[in-house]
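Thank you all for making time for this. I would like to take you through one structure today, and I will ask you to keep it in view while I talk.

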Amino acid sequence: MIKITFPDGAVREYNSGVTALDIARSISEGLARKVLAANVNGQVWDATRPITTDATLTLLTWTDKDGKSTFWHSSAHLMAEAVEVIFPGAKFWVGPAIDTGGFYYDMDLGGRQITEDDLRQLEAKMAELAKKNAVYQRKEISKAEAISYFAEKGDEYKLDLLEKLEDGQITFYTQGNFTDLCRGPHIPNTGLIKAMRLTNIAGAYWKGDERNKMLTRVYGVTFPAQKELDEYLLMLEEAKKRDHRKLGKELGIFTFDEQVGPGLPLWMPNGTVIIEELERLAKKTEEQAGYKRVVTPNIAKESLYITSGHLPYYQDSMFPPMELEGEKYYLKSMNCPHHHKIFAAEPKSYKDLPYRLAEYGTCYRYEQSGELFGLMRVRCLHMNDAHIYCTKAQFYDEFRAVNEMYLKYFKIFGIDKYVMRFSVHAPSKLGIKYIDEPELWKETEDLVRDVLIRTNTPYIEVPDEAAFYGPKIDVQIWSTIGREFTLATNQVDFAQGKRFKLEFTNKDNHAETPLIIHRAPLGTHERFIGFLLEHYAGKFPVWLAPLQVKILPITDKSLEYAQSLLVSLKNADIRVEVDDRSEKIGKKIRDTELAKVPYMLVIGEKEMADNKVAVRRQGKGDLGVKGIEEFIAEIKKEIIERTSNP
RNA sequence: GCCGUUGUAGCUCAGGGGUAGAGCACUUCCUUGGUAAGGAAGAGGUCGUGAGUUCAAUUCUCAUCAACGGCUCCA
C-alpha cells in the first residue's frame, strides 16, 4: 500500500500501481471523466501512469493551467495524426501547448503547401480520430530503439531531438496510428477533445534560427466542449474590435501612407490631442520630480555614435547615414548621447547631482519590415525619455523614485496587469553583446536587485537581455490582442559615462564618473497610445478624449442656444463641438456614441427655456438635466483629477 | 529579412477574360423630428504599381510595393 496525500491534507491508502485516474474514480465517476492529468509530487504526470510510492497528488482538470496545457499538447499529437493521414510522409519537429492558449506543431511537409481548405479537412479528420477514444499510451524506450524507429520513418528532425537524449529519459507516446517522441504528459484519451479549430498557418525557422530551414507551423486550439470553442471565437471577435489599428482608423487617431513609408505613423488631429495631454502629464510630473527639459537635434555625426558605442552594436537598426562634405550623419535612434553632451557642456560639481534631463525625443529605428506592427513597432517614435546622472550613493533613491513614477502613472491609467522584468547580462557574451566590464556588471546588477528587494517590488530576473551598457528593468504589459509588449524601461548605464568622459568634481575635489539612469516610464507615444486604444477600447477618459463634449440640438430652433453653450464650454477649456446637421436627435446620438465622445448635451426647447442642458454619458445613457455651470464644474473636476472611466 | 495570405469607391465588402457593383460615409434638396440609423436625388473607382500572355486583362502569369498571420529581431 502507498499513502496518497491530497491538497486538503487528507491522506488515503491505495495499492501500489494505482493511477490518478483510478483515484479520481474512487472519489466520483464525474470527477474521473474530467481528469486530464495529475500533479504527482510536484510533477505533471499522465493520469494513467501508475504511482508506486507515497505521493502528494493534485488531480488536474480543465480549470487548471497544467490541465489545459496537457490537453492542448495532446491535441497537437491528435493534429499530427490527422496530418499523417492527409499529408503522408510529413516529418515533425515539436508541437507544444502555448501560454496564450492552444498549441502548434512545426512540420516539414516536403515542399507541399498547406491551405485554409486543408485546415478544414484536418479539423474534420481530427474530430473523426477524437471520436475513436484512442488512449494515449506511454512507453519507455531505449535510445537505440527510438533511433531505429525514426530512422526507418526517415524523420531527421526527431533524430536530431534524440541526439540530446540518453537512455532512461526517452519515452514514446502512441495514440491511434500516431507515435511520437515525447516527454509527455498526455490526457487519458482523445475522446476528451470535443471541439477543435486550426487557427492559422505560418512559417517558423527550425530551432528558431533564421539561418535554418523554414518549417510549416500550424496553430490550433481545442476545447472539452463546443460551447467553450464558441466563446473563444467570440472573444477573438471582440479582441479584433479593440485592435488599436482598427480603432485608430475609426477614431481618426493616426494613419499610415505608402508614400510616407512603412512604420512612419502620421498623427491626425485627434491623436495629437492625446499626445499633448500625455506630454502635459509627463512634463508636470517630471518638473515636480526635479527634471530639467532639453531639446536636441534629430541627427548627429557618426563619431557621436562611435563614442557612445551604439554603432558597433546597433548599426543594423539605424537608418543608413547621410553623407555630405565628407561627413556621415545618422538619424538618432536614441537620445542618450545628445543628453550626455548637454551634461558635459558645463563643468559639474557633486552639488549639481542628481542631474536629470528630460525630453520627448524623436527617434528613428530601422526595424525590419516584417517586425512592424501598427503603432506598437514603428520606425519613427517619440520617447518619454530622460537621463539621470548621479553618484553611487544617490543611485538607490533615484532608481526607486523612477520605479515609483511608473507606479503613479499605472494608477492613473488603471494598468494593473504588468510584470517588471529585471534583465541582466550573460557572462559568455561579454565583449560581443555587452560591454566587457565584469565587475561593473556585477556591481550595478546588485544595486538594481537591492532596490527591487528593499522596495518589495515583484520582479522576474531574465538573463541575457540587458542593454549593452548595463542592466535594466522593463515593464511588460499585455494588449487585448494577447501580445506582450515592453511599455516602459528603466536602465542603468555604467559604460557611457566613461566613454563620454563625463565627470563631476566630488567632495574631495577629485573627478568622478557619474552613474547614468535611462528611463522612459511612458515608453513612446506610439506604443503607449496604441496600448491605451486597446486598453480603453477607444473610450478614453474625459481628460484624454480628443473631443470631450458634443452639443446636440434637437431642432435648429435651439442652434443659437447651442452656440452660446459652445462659447461657455470653450471658455472653460473644454474640447467641444456642436452637431448642427439637420438630422434627427436619434441619429445624432448614435453617431456621437459611435465616435465615443464622453459627454453629449442634448438641448431642445425645454432646456432652452430653463437655461439647462440634458446630459448624456457615452455608454451610460441619459443622466438628467442640469445647469450649464454645474455641468462645467463637474466635467472640469473629472478632467483635472484625470478620473478613469466609471 | 524569411514563410504564407491579401490588395476593387473615404470605410466594410461583393463580382469577374469583353474597360465595374452594394451598404455606410460624402454633396444637394425635402423633413424640425426628444435620447442609438427620416426620405429623395447626386457625385465618387486607369480594380495597389510595372511588365508579359491575349483580338481584348481589373480578372491569367511574373515582378514589385504595402498591409495582415507567424518566425527572426526589438537600445
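I will begin with the surroundings of the RNA strand and then turn to a small part of the protein fold.

Please bear in mind throughout that this is a predicted model. RNA strand B is surrounded by 52 residues, and the closest of these are Tyr205, Ser317, Ser369, Glu371 and Arg590. Of the atoms of RNA strand B that come within 4 Å of the protein, sugar and phosphate account for 48%. If we sort the residues of that surface by character, we find 17 nonpolar, 15 polar and 20 charged.

Which elements supply this surface? At least two residues each come from β11 (195-205), β12 (214-223), α18 (585-594), α19 (605-610) and β31 (612-617), and α18 gives the most, with 7 residues.

Let me now go to the bases. A polar side-chain atom of Glu593 lies 3.0 Å from a base nitrogen of RNA strand B, while for Ile554 a backbone N or O atom lies 2.6 Å from a base nitrogen. In Lys606, a polar backbone atom is 3.0 Å from a base oxygen of the RNA strand.

Finally, the fold. There is an open sheet of 3 strands, ordered β16-β18-β17, with antiparallel pairing. Because β16 (299-301) and β17 (322-324) stand at the edges with a single partner strand each, one side of each is left without a neighbour in the sheet. Neighbouring strands here are turned by 30° against each other on average, direction ignored. The pairing of β16 with β18 (residues 327-331) runs over 3 bridges, and Lys301 stands opposite Tyr329 in β18.

How values were computed: Residues are numbered from 1 along each chain as its sequence is written. Chains are lettered from A and ligands numbered from 1 in the order in which they are written. This is a predicted model: local features need pLDDT of at least 70, side-chain atom pairs count only at pLDDT 80 or more; totals for chains, interfaces and linings use all residues. Side-chain values use heavy atoms; hydrogens and water are left out. Two strands pair if DSSP finds at least two bridges between them. Helices (H or I, at least four residues) and strands (E, at least two) are DSSP runs, numbered from the N terminus. Axes are lines fitted to C-alpha atoms, for helices over the stretch in contact, and angles run from 0 to 180 degrees between N-to-C directions. A residue is near a molecule or strand if one of its heavy atoms lies within 4 Å of it. A polar contact is a pair of N or O atoms within 3.5 Å; within protein, one must be able to donate a hydrogen and the other to accept it, and residues adjacent in sequence count only if both atoms are side-chain atoms. Ala, Val, Leu, Ile, Met, Phe, Trp, Tyr, Cys and Pro count as nonpolar, Asp, Glu, Lys and Arg as charged, and the others, Gly among them, as polar.
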